[in-house]
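Please open the model in your viewer and keep the sequence panel beside it. The tour below moves from one selection to the next and says what to look for at each stop.

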Amino acid sequence: MKILVINSGSSSLKYQLIDMSNEEVVAKGLCERIAIDGHIKAETNTGVKVDFNIVLPNHTAAFNEVKKILTSGETKVIDSLNEMLLNYEEQTDELGQIMTYRYMGVYYREQNQNFSALNHFQHGLAHANEMNDMVRNANPGLASRFDHKINIDDYSAEELLDILVSMAQSRQLKIKSEARDIILSRIRKEKVDDTFDNARFARRLLDEAIEKQALRLSEDIDNLNVDDLQILIAFLGYCMSLLSKEVTVEEIEAITFTTADMDSTNAEILRKAAELLFPGFDKVAYEEHIKSFYHYVLMQDEEQRRQSVLLVDGWSDSELVLYTLSFNKKTRPIVCFPQERHLELPADADAAEKDRLLFAAVRELMQEKEFSAAYLTGRALAGGWMKDSLNLICRGRRAFQGDTLYSKGAADSTMAACGLASKADKYFYLSRDALR
């Protein structure tokens with residue numbers, strides 16, 4: 001009799017095929033980074049090993065790859081898997097419910113040999129009780145089919161640290177020694193009761209650290225080094241894992257990256273990141289924030305483009321950037337001219353001083369152009385310090401504030417590149433490089 005033991009986590013699937021006649025592990029492997037990019041490592045008891053990258057959009061795809069590994073090629077250890085008690089393809093909801101507990105019970109029957117791969121994988125007393133209740137409630141006769149029960153203790157704090165470090169290394173990231181002490185302390189603080197989710201907590205903690213570091217790096221992309229690039233790539237992978245809840249990688253038609261300044265250096269950094277994340281994918285575009293904002297404005301109603309459009313960018317702590325989009329409606333297509341001015345904010349400036357400086361800068365712009373719409377974005381504009389300046393910006397025109405203008409604009413730009421934004425055909429964006 002052979003038992004297939006599977007431990008399914010939120011982004012991984014581990015398996016072992018055990019020959020119970022001698023308790024030997026016939027084959028084992030790991031599918032990791034599911035719904036991020038995908039990687040598989042597997043080996044047999046004869047010494048055959050495989051290690052390769054492959055797109056794994058979900059656990060279904062991962063389990064199908066495991067079946068291929070076990071039944072074909074140089075890693076083949078069994079002939080076929082003919083019958084499944086829980087059909088992975090057609091009973092996704094039932095299996096998904098089981099995988100909520102990070103376990104999966106599968107039953108196979110071989111035509112030419114006794115192959116009952118039925119397992120009950122229990123992790124800690126609380127989880128074991130939940131699994132027992134689930135089995136009893138699923139089918140009165142199901143419990144009798146589980147011939148073996150494997151109880152595994154929770155990971156220790158030190159083991160969870162090792163898991164987190166291993167996850168980081170798989171993403172080509174390093175955890176410094178001082179950071180390890182902080183992580184160990186955080187794990188011990190959180191690991192207090194049965195609600196603690198073990199390795200999933202380690203993964204979340206790593207994702208949280210990557211996200212925060214990547215956001216810091218994105219503010220100074222001009223000075224990224226090789227290690228910083230790996231963090232940026234890891235963060236983009238994390239973003240893709242969030243996106244994978246809505247769409248698979250195969251369904252993505254095109255991608256647009258947007259940054260404050262898209263010079264050749266920044267474009268090259270993002271190009272390298274895109275190549276590593278999406279090998280062979282060629283529909284990738286790179287643009288500056290002002291170009292993304294232009295596409296966002298194009299998707300709004302015509303009234304907003306009746307005159308010029310103003311954008312106050314407060315994403316820097318040391319300065320504000322005032323962007324303007326002006327439209328020459330005498331041409332066909334209509335030509336859009338982008339311009340920008342930088343307003344330095346002294347470090348010792350109080351709220352009243354910042355309000356006075358912004359008021360003067362906006363008033364000067366409004367003496368030169370008429371604006372039908374105004375937008376504000378960025379954390380530096382928070383705190384309620386804009387009083388006279390905000391009143392001036394909003395007076396007699398439509399005004400909006402939001403922190404996702406550039407990302408939404410990049411999405412609109414991508415739609416235009418794919419021919420899905422008919423408004424874009426009526427306009428021509430005259431970039432600052434073209435003006436120079």
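Begin by selecting helix H9 (residues 289-298) together with helix H12 (residues 405-417), which in this predicted model pack at an angle of about 70° with their axes 7 Å apart. Because angles of 65 to 115 degrees count as roughly perpendicular, H9 and H12 are described as roughly perpendicular to each other. Show the side chains next: from H9, the residues His289, Ser292, Phe293, His295 and Tyr296 meet a set in H12 that runs through Leu405, Tyr406, Lys408, Gly409, Ala410, Asp412, Ser413 and Ala416. Coloured by residue character, the contact of H9 with H12 divides into six nonpolar, five polar and two charged residues.

Now select strand E10 (residues 308-313), of which six of the six residues are buried, so that E10 is largely enclosed by the rest of the structure. Ser308, Leu310 and Val312 point one way from E10, whereas Val309, Leu311 and Asp313 point the other way, and all are buried.

Keep E10 on screen and add its partners. Strand E13 (residues 371-377) pairs with E10 in the parallel sense over six bridges, and here leucine 311 can be found opposite tyrosine 375 of E13. Strand E11 (residues 319-328) pairs with E10 in the antiparallel sense over five bridges, with valine 312 standing opposite leucine 322 of E11; a hairpin of five residues joins E10 to E11.

Move next to the open sheet of five strands, in which the order is E1-E2-E3-E4-E5 and the pairing is antiparallel. Its edge strands, each pairing on one side only, are strand E1 (2-8) and strand E5 (49-53), and the twist from one strand to the next averages 10°. Zoom in on E1 and strand E2 (residues 12-19), which pair in the antiparallel sense over seven bridges, and pick out leucine 13 in E2 as the bridge partner of serine 8. Then add helix H1 (residues 59-71), which packs on this sheet and touches E1, E2, strand E3 (24-32), strand E4 (39-44) and E5, its direction making about 30° with that of E2.

For the last stop, select helix H4 (residues 157-170) and helix H5 (residues 177-190), whose axes come within 9 Å and cross at roughly 130°; H4 and H5 are therefore oblique to each other. The crossing in which H4 passes H5 is right-handed. Ala157, Glu158, Leu160, Leu161, Leu164 and Val165 of H4 meet Arg180, Ile183, Leu184, Ile187 and Arg188 of H5, and the residues of this contact divide into eight nonpolar, no polar and three charged.

Technical notes:
Residues are numbered from 1 along each chain as its sequence is written. This is a predicted model: local features need pLDDT of at least 70, side-chain atom pairs count only at pLDDT 80 or more; totals for chains, interfaces and linings use all residues. Side-chain values use heavy atoms; hydrogens and water are left out. Axes are lines fitted to C-alpha atoms, for helices over the stretch in contact, and angles run from 0 to 180 degrees between N-to-C directions. Helices (H or I, at least four residues) and strands (E, at least two) are DSSP runs, numbered from the N terminus. Angles under 35 degrees count as roughly parallel, over 145 as roughly antiparallel, 65 to 115 as roughly perpendicular and the rest as oblique. A crossing is left-handed if the near helix is turned anticlockwise from the far one by less than a right angle, and right-handed if clockwise. Contact means heavy atoms within 4.5 Å. Ala, Val, Leu, Ile, Met, Phe, Trp, Tyr, Cys and Pro count as nonpolar, Asp, Glu, Lys and Arg as charged, and the others, Gly among them, as polar. Two strands pair if DSSP finds at least two bridges between them. Buried means under 20% relative accessible area, exposed over 50%, partly exposed in between (1.4 Å probe, protein chains only).
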